[in-house]
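This report describes one chain for a reader who has not seen it before. Please keep the sequence and the 3D view at hand.

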Amino acid sequence: MEEHLIEITNMSKVYGSGDIAVHALAGVSAAVEKGEFVAVMGPSGSGKSTLMNILGCLDRPTGGTYMLDGEDVSQLGKNELANVRNRRIGFVFQSYNLLPRLSAAKNVQLPLLYDSQQLSDAECYDRAIAALEAVGLGDRTHHQPNELSGGQQQRVAIARALINNPSIILAD
């Protein structure tokens with residue numbers, strides 16, 4: 001039987017405790033297959049951001065399990081979660097989170113700096129250029145974010161999310 005890429009079971013997340021406890025997620029279960037596109041929608045305060053933070057290994061559930069490609073990541077330590085985030089999850093943030101003093105190529109290379117594979121500077125640069133070309137920005141590699149349109153900045157963020165060939169892409 002094929003494993004799900006993402007499988008969450010009876011997941012809960014509670015912020016605070018006692019009378020001020022906020023149940024952001026309660027008993028959430030879902031599965032996502034490899035290659036599947038999923039949109040999470042709901043009103044403000046319904047737990048979308050909390051779910052995204054847990055799926056992105058930026059936060060841990062209070063209860064339940066989170067299996068990512070067959071591995072239970074809900075109980076991993078900080079360093080292990082950082083490795084999962086860097087190697088297996090690509091993020092495209094709503095505000096793009098580009099560093100203003102770095103070129104498009106340098107912004108795209110950032111995830112490679114934290115990769116345990118320790119690629120050479122030339123390999124990192126070549127991969128960044130290839131990612132930028134893949135999103136149609138091969139002619140903007142040396143431009144800083146303030147020299148790019150909003151759509152171009154978004155594409156730099158997408159290239160950065162793709163640079164490590166992650167298992168999943170989370171886009172806000």
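Is glutamate 71 buried, partly exposed or exposed? At 31% relative accessibility, glutamate 71 counts as partly exposed, where buried means under 20% relative accessible area, exposed over 50%, and partly exposed in between (1.4 Å probe, protein chains only).

The model is a predicted one, in which local features need pLDDT of at least 70 and side-chain atom pairs count only at pLDDT 80 or more, while totals for chains, interfaces and linings use all residues. Residues are numbered from 1 along each chain as its sequence is written, and side-chain values use heavy atoms, with hydrogens and water left out.

**Overall layout**

The chain holds five helices and six strands; helices (H or I, at least four residues) and strands (E, at least two) are DSSP runs numbered from the N terminus. Read from the N terminus, the order of elements is β-β-α-β-β-α-β-α-α-α-β. The C-alpha trace spans about 55 × 35 × 30 Å along its principal axes. Of the 172 residues, 38% count as buried.

**The sheet**

An open sheet is built from four strands in the order S2-S1-S3-S4, with antiparallel pairing. Strands S2 (22–32) and S4 (71–72) are the edge strands, each pairing on one side only. Two strands are taken to pair if DSSP finds at least two bridges between them. S1 and S2 run antiparallel and are joined by seven bridges. One residue pair at which this can be followed is tyrosine 15, whose bridge partner in S2 is valine 22.

**Salt bridges**

Four salt bridges are found in a search of the whole structure. The term means a side-chain nitrogen of Lys or Arg within 4 Å of a carboxyl oxygen of Asp or Glu. The table lists three pairs, among them one that involves glutamate 71.

| Pair | Closest N to O distance |
|---|---|
| Lysine 13 and aspartate 59 | 3.2 Å |
| Arginine 88 and glutamate 71 | 2.5 Å |
| Arginine 140 and aspartate 139 | 3.5 Å |

Arginine 88 and glutamate 71 form a salt bridge. Arginine 88 lies in helix H2 (residues 78–88) and glutamate 71 in strand S4, so the pair ties together parts that are 17 residues apart in sequence. Arginine 88 is buried, with a relative accessible area of 18%.

Aspartate 59 and lysine 13 also meet in a salt bridge. Because aspartate 59 is in the loop between helix H1 (48–55) and strand S3 (63–68) and lysine 13 is in strand S1, this pair ties together parts 46 residues apart in sequence. Lysine 13 is buried at 11% relative accessibility, and aspartate 59 is partly exposed at 23%.

In the remaining table row, arginine 140 is partly exposed at 27%, whereas aspartate 139 is exposed at 54%.

**Positive phi values**

Most residues other than glycine have a negative phi. Aspartate 69 is not a glycine, yet its phi is positive, at about 55 degrees. Aspartate 69 sits in the loop between S3 and S4 and is partly exposed at 28% relative accessibility.

Asparagine 97 likewise has a positive phi, near 55 degrees. Its place is the loop between strand S5 (89–92) and helix H3 (104–113), and asparagine 97 counts as partly exposed at 41% relative accessibility.
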